[in-house]
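Reader: I would like a close look at a single part of this model, followed through in one connected account. Please take the metal site and the strands around it.

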Amino acid sequence: MSDHSPRTAPPVTDVVHQGTPHATWCTHCKAWTGVAGTAVLLGTDGVTVLGTWSGCSICTEEDPRAC
Ligand SMILES: [Zn+2]
């Protein structure tokens with residue numbers, strides 16, 4: 001294959017990365033069952049911090065309204 005088409009950079013699309021989740025204290029479960037992380041947006045201008053997110057894998061499964 002002798003394709004002389006110019007090599008173009010792959011299209012850059014903004015990607016949201018949820019970051020590395022870490023354990024947090026859940027006041028509802030009274031245990032380290034919560035998870036939280038920092039969501040970032042990987043865009044063409046660099047990394048933009050969107051904010052933090054958190055949840056609990058225990059009480060959110062039983063009743064989402066509990067927390
Ligand atoms: Zn919980």
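To begin with one of the residues there, does Cys 56 count as buried or exposed, and at what relative accessibility?

Author: The model is a predicted one, and what follows should be read with that in mind. Cys 56 has a relative accessibility of 5%, and because the cut-off for a buried residue is under 20%, Cys 56 counts as buried. Cys 26 also counts as buried, in this case at 7% relative accessibility.

Both residues belong to the zinc site, where the ion is coordinated by the SG atoms of Cys 26, Cys 29, Cys 56 and Cys 59 at 2.3 to 2.4 Å. The angles that these four donor atoms subtend around the zinc ion run from 97 to 116 degrees, and the arrangement is therefore tetrahedral, since that label requires all angles to lie between 85 and 135 degrees. For four tetrahedral donors the ideal angle at a metal is 109.5 degrees. Along the sequence, the donor residues follow the spacing C-x2-C-x26-C-x2-C. Because Cys 26 lies in strand S2 and Cys 56 in strand S4, this pair ties together parts that are 30 residues apart in sequence.

The strands that carry these two cysteines can be followed through S3. Strand S2, residues 22-26, runs antiparallel to S3 and is joined to S3 by four bridges, with Thr 24 having Gly 34 in S3 as its bridge partner. The hairpin of S2 and S3 has four residues between the strands, and in this hairpin Lys 30 takes a positive phi near 55 degrees. On to S4, residues 46-56, the pairing with S3 is again in the antiparallel sense and extends over 10 bridges, while the hairpin that joins S3 to S4 passes through two residues. In this pairing Gly 43 has Gly 46 in S4 as its bridge partner.

S3, which covers residues 31-43, is also joined by three bridges to strand S1, residues 15-17, and these two strands run antiparallel as well. Within that contact, His 17 stands opposite Val 40 in S3.

The surface completes the picture: Leu 42, which lies in strand S3, forms a nonpolar surface patch with Val 15 and Val 47, and the three together have about 240 Å² of accessible area. Leu 42 has a relative accessibility of 34% and so counts as partly exposed, whereas Cys 26 and Cys 56 at the zinc site count as buried.

Methods:
Residues numbered from 1 in each chain as written. Predicted model: local features only at pLDDT ≥ 70, side-chain atom pairs only at ≥ 80, totals over all residues. Heavy atoms only, no water. Pairing = 2+ DSSP bridges. Patch = residues over 30% accessible without salt bridge, like charges linked within 9 Å, V, L, I, M, F, W, Y side chains within 5 Å. Areas by Shrake-Rupley, 256 points an atom, 1.4 Å probe, with all protein chains shown as cover. Salt bridge = Lys/Arg side-chain N within 4 Å of Asp/Glu carboxyl O. Buried < 20%, exposed > 50% of the residue type's maximum accessible area, 1.4 Å probe, protein only. Donors = N, O, S within 2.8 Å, 3.2 Å for Na, K, Ca; no water. Tetrahedral: all angles 85-135°; square planar, octahedral: opposite > 155°, others 65-115°.
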